Amino acid sequence: MNVESASLAPGTYLPCGPPGTAKYAQDLSRSLTFKENILITLSGVTPASSVFIIAPAAITGIGGAAAVAFAIAALIGLVIAFCYAELSSAFPIAGGDYTIIARTLGKPYGLAFLFLSMVCIICILGVVASGVSTYLGVVWKGMDSPWTSIVVILATAVVACFNIKANAWVTGIFLFLEVAALAVLAVLGLVHVSQPVSVLWHATTMGPHGILVGASAGLVVSFTATALFAYNGYNSAVYYAEETKRARTTIGRAVLWSLAITVAAEFIPVIAVLLGTPSMSGLLGTADPMSYFLRARGGSVVNEIVSIGVAIAVINALLANIILIGRLFYSSARDRTWPDWINRPLASVHPKLRTPVAATLVVGVAGGLCVWLLPFNVLLIVSGAYLLVQYLLVGLAALVGRISGSTRKAAYRMPWWPIPPIAMVLATVVVIYESVIAAWLPVAVTLGIFAIGFPYYFLYLKPRAADRWTLPEPADEENAE
């Protein structure tokens with residue numbers, strides 16, 4: 001509901017005032033502390049599911065050099081975090097990336113990225129959900145079914161409708177359990193070191209007849225995108241900005257702390273597995289490297305216990321991400337992106353829970369449909385290059401925003417400007433180039449979805465610019481609940 005600062009009844013929708021004078025109403029409950037924001041942000045990152053579901057792709061693809069890919073991704077992540085910290089403190093708005101891009105690079109780019117986000121993040125939700133059935137199936141065979149993932153998505157969508165503060169603590173408890181699973185993995189590897197340290201920078205892959213062969217440096221760079229995907233989510237603190245106390249002064253620090261914890265929680269276990277595996281060929285030659293490692297170093301019982309922990313981590317990730325995507329859908333409707341018969345329910349906020357219930361439930365249904373209707377490899381292709389476009393645009397936004405003055409209200413200022421955004425853009429371009437060489441289809445699909453947003457903006461939104469996408473200021477934080 002884009003109005004000056006008056007509070008409207010849930011479901012009420014009025015157009016904005018002139019740009020620069022209107023403010024979003026404080027319809028969401030501003031009740032999260034700095035620490036609670038980090039808890040729910042890290043739950044969205046879900047380090048355990050990243051290590052057990054995403055990292056194995058890098059390990060089987062480039063062997064021990066997965067450590068190099070994760071190290072490079074951590075450095076890229078640092079400059080990304082600097083950019084996000086400044087941008088999110090300038091625009092602490094629930095819509096996240098698209099609202100930032102629209103206010104710095106222009107509305108057409110923001111709308112195009114909104115389209116890309118809504119499609120790709122729902123597909124990523126399906127990818128994450130598939131891990132529930134996979135790891136529950138290790139313990140209970142009948143659970144290894146797509147229907148398990150669908151039921152879990154729908155159930156977590158209902159929970160995601162609850163009060164944001166309660167959800168922060170629910171996800172925090174789950175987060176503790178998944179960190180415990182990662183600790184088991186790290187300890188098993190570090191007390192059974194059997195590979196030389198040099199394995200960490202030797203790129204190998206499985207060749208014919210089960211023999212390890214060397215892999216190119218370009219392939220290692222391309223797998224940096226996989227490592228970036230594993231770390232991704234620390235930047236999502238901004239999606240909870242309208243529900244966080246003193247958001248302008250805390251969101252930047254929340255982004256940086258979330259990145260630091262994420263890197264430590266993922267990088268250490270990956271290193272431990274690579275050094276502690278009894279056989280590199282055995283690790284690379286299996287479809288599930290982490291289960292192979294756990295069975296070899298801890299036995300089947302430990303593997304089953306940790307698998308339950310990973311399933312809990314995936315459920316936690318689903319809960320946190322459904323909450324996040326619900327805010328994205330809510331924000332898009334509040335900006336009157338769609339016809340008003342869609343905007344009104346999606347932009348409504350429950351009067352007691354103070355959460356966008358309709359938008360959140362729509363996310364759950366959409367995620368369930370993805371798992372039901374789309375093969376896993378299709379979900380991967382659609383979401384594969386999303387982060388590269390996201391990081392490229394955010395880097396440009398941080399650079400242009402400072403030059404144009406659109407980020408002048410930022411409470412956080414990144415160090416060494418303009419080096420971080422320039423380094424971020426250049427690094428992302430290199431990774432995109434290597435990714436196209438390694439597998440061009442995900443990049444092509446991502447750019448195709450991104451391009452769809454431009455005709456929608458120019459044909460539908462721009463002719464209605466008087467009361468759609470007027471991009472008002474964030475709500476006042478004073479006296480907010």
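**Salt bridges, cores, cavities and a surface patch**

In this predicted model, Glu473 and Lys409 form a salt bridge, with 3.2 Å between the closest N and O atoms. Glu473 belongs to the segment after α18, while Lys409 sits in the loop between α16 and α17 (419-438), so this pair ties together parts of the chain that are 64 residues apart in sequence. Glu473 counts as partly exposed because its relative accessibility is 24%, and Lys409 is also partly exposed, with a relative accessible area of 47%. Salt bridges that share partners also join Arg336, Asp340, Asp467 and Arg468 into one network.

Within that network, the pairing of Arg336 with Asp467 can be followed atom by atom: the closest N and O atoms are 2.9 Å apart. Here too the pair links distant parts of the chain, with Arg336 in the loop between α12 and α13 (340-346) and Asp467 in the segment after α18 (440-461), 131 residues apart. Arg336 has a relative accessible area of 7% and is therefore buried, since the buried class covers values under 20%. Asp467, at 25% relative accessibility, counts as partly exposed.

The structure holds nine salt bridges. One of them brings together the side chains of Lys165 and Glu36, at 2.8 Å from N to O. Because Lys165 lies in helix α7 (residues 164-190) and Glu36 in helix α1, this pair ties together parts that are 129 residues apart in sequence. As for accessibility, Lys165 is partly exposed, with a relative accessible area of 30%, whereas Glu36 is buried, with a value of 5%.

The nonpolar interior comes next. The largest nonpolar core has 146 residues, and Phe52, Leu274 and Leu283 are those with the most contacts inside it. The element that gives the most to this core is helix α12 (residues 289-334), with 19 residues. Another core lies apart from it and has six residues, including Ala225, Ala385, Val431 and Ile432.

Empty space can be looked for as well. Rolling a probe the size of a water molecule over the atoms shows where such space is left. Two cavities of 30 Å³ or more are found in the structure, and the largest cavity holds about 380 Å³ of space. Its lining is made by 25 residues, of which Gly44, Ile124, Phe229, Asn232 and Asn321 lie nearest the centre of the cavity. Two or more lining residues come from each of the elements α1 (34-45), α2 (47-62), α5 (107-139), α9 (224-231), α12 and α16 (386-404). Among the contributors, α5 gives the most to this lining, with five residues. Helix α12 thus appears twice in this account, in the largest core and in the lining of the largest cavity.

Turning to the outside, Trp147, Leu154, Val365, Leu369, Trp372, Leu373 and Leu374 make a nonpolar surface patch of about 710 Å². The elements that give two or more residues to the patch are α6 (146-159) and α14 (357-373), and α14 gives the most, with four residues. Leu374, also part of the patch, lies in the loop between α14 and α15 (376-383). With a relative accessibility of 33%, Leu374 counts as partly exposed, and this value fits its place in the patch because patch residues must have over 30% relative accessible area.

How values were computed
Residues are numbered from 1 along each chain as its sequence is written. This is a predicted model: local features need pLDDT of at least 70, side-chain atom pairs count only at pLDDT 80 or more; totals for chains, interfaces and linings use all residues. Side-chain values use heavy atoms; hydrogens and water are left out. Patches are made of residues with over 30% relative accessible area and no salt bridge: like charges are joined within 9 Å, nonpolar side chains (Val, Leu, Ile, Met, Phe, Trp, Tyr) within 5 Å. Accessible areas come from the Shrake-Rupley method with a 1.4 Å probe; for residues, only the protein chains shown count as cover. A salt bridge is a side-chain nitrogen of Lys or Arg within 4 Å of a carboxyl oxygen of Asp or Glu. Buried means under 20% relative accessible area, exposed over 50%, partly exposed in between (1.4 Å probe, protein chains only). A nonpolar core is a set of buried Ala, Val, Leu, Ile, Met, Phe, Trp, Tyr and Cys residues joined through side-chain atoms within 4.5 Å. On a 1 Å grid over the protein atoms alone, a cavity is a set of points where a 1.4 Å probe fits but cannot get out, and a pocket is an open set with protein on both sides within 12 Å along at least five of seven lines; lining residues have an atom within 4 Å of a point. Grid points are joined across faces, edges and corners, and a volume is the space filled by probe spheres set on the points.
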